[in-house]
Protein chains: 2
Amino acid sequence: MTIGEVAKRSGLRASAIRYYERVGLLPKPARSGGQRRYDSRILARLAVLERAKNCGFTLDEVRQLFNDQGRPSERWDRVARKKIVELDALMEQIRGMRERIERRCSCADFDECGRRILASEQCGAT
Amino acid sequence: MTIGEVAKRSGLRASAIRYYERVGLLPKPARSGGQRRYDSRILARLAVLERAKNCGFTLDEVRQLFNDQGRPSERWDRVARKKIVELDALMEQIRGMRERIERRCSCADFDECGRRILASEQCGAT
DNA sequence: TCTTGACTTAAACTCAACTTCAACCCGTAG
DNA sequence: CTACGGGTTGAAGTTGAGTTTAAGTCAAGA
């Protein structure tokens, strides 16, 4: 397969595939006439990469997943445990944002809100 | 107050305060000898700005809050409604990530995972 | 006068994950 | 032969929210 075909089959852009190769997430493929030629294993690789991204892993974490020492399941566990903590913290943050957004006040304008916030009075911003 | 004093009182960096002014979030203050001089209202302004950021609003949305037409409470409502939808979507995404991370499989390596994902079989990546 | 410390500016740099661009090469169909 | 539709490269652009840097100004104190 050429890179264009891989792109079409995987739903990624060719530029993204080249980028992944450049940053060490994909092995350098064979070439014919200067062009990259892939066999079907690339599609499995990319499927895992996509799955990992959908789990919230950064490309750096995916690199650890793919290239670090140890059994694959161990690598997954290590990265996953850290990510779950991050995701939970993120959830908590977002819950807090929602709460703050919905806690309304009766100030006439933002300056009044500001003064009340500075005085640590209850205020939800106008 | 000089910008340094405002920075200390607000907990922001002077560079951030200059930046906010540059992008139209703060009015241009009076100057004395070329230096910015603020009165205490700046602190209320910055407190609202911080509160809005803690609600998840982008600086662009804060600009709408501060500068758009209409009553302050209307502006807040308009921006807030949109943001709540975004936050809920984000929550849903994160919940999905957590779920996918925790759904484990028994593949020997990532290539096996990839093949199973491509075949739409149940797989949580190694 | 000299030094110190805080301020000023515009412009460049940061991070992540790509995309876009310019300029070039290569094989095939007409 | 030449046009066309791929492919190739390195470099630069994108986004948001600032930070950092270089080079310069200013007032006060020793």
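How many nonpolar, polar and charged residues does the surface near DNA strand C have? Keep that in mind for the first of these close-ups, which come from a predicted model.

**View 1. Residues around DNA strand C.** Here's the tally: this surface has five nonpolar, eight polar and five charged residues. There are 18 residues around the strand, and Ser15(A), Ala16(A), Thr58(A), Gly4(B) and Arg36(B) come nearest. Both protein chains chip in: chain A brings α2 (14-22) and α4 (59-67), while chain B brings α1 (3-10), α2 (14-22) and β2 (35-37), each giving two or more residues.

**View 2. Residues around DNA strand D.** Now look at the other named strand, with 17 residues around DNA strand D. Coming nearest are Gly4(A) and Arg36(A) from one chain, plus Ser15(B), Ala16(B) and Thr58(B) from the other. Elements supplying two or more residues are α1 (3-10), α2 and β2 (35-37) in chain A, along with α2 and α4 (59-67) in chain B. If you want to pick out the top contributor, go for α2(B), which gives the most with three residues. Sorted by class, the surface near DNA strand D has four charged, five nonpolar and eight polar residues.

**View 3. Where chain A and chain B touch.** This contact takes 36 residues from chain A and 36 residues from chain B. On the chain B side, α3 (41-54), α5 (72-102) and α6 (110-118) each put in at least two residues. The helix to look for is α5(B), which gives the most to that side, with 14 residues. As for classes, the side of chain B that touches chain A has 22 nonpolar residues, nine charged and five polar.

Note on methods
Residues are numbered from 1 along each chain as its sequence is written. Chains are lettered from A and ligands numbered from 1 in the order in which they are written. This is a predicted model: local features need pLDDT of at least 70, side-chain atom pairs count only at pLDDT 80 or more; totals for chains, interfaces and linings use all residues. A residue is near a molecule or strand if its C-beta atom, placed from the backbone, lies within 6 Å of it. Helices (H or I, at least four residues) and strands (E, at least two) are DSSP runs, numbered from the N terminus. Ala, Val, Leu, Ile, Met, Phe, Trp, Tyr, Cys and Pro count as nonpolar, Asp, Glu, Lys and Arg as charged, and the others, Gly among them, as polar. Two residues are in contact if their C-beta atoms, placed from the backbone, lie within 7 Å.
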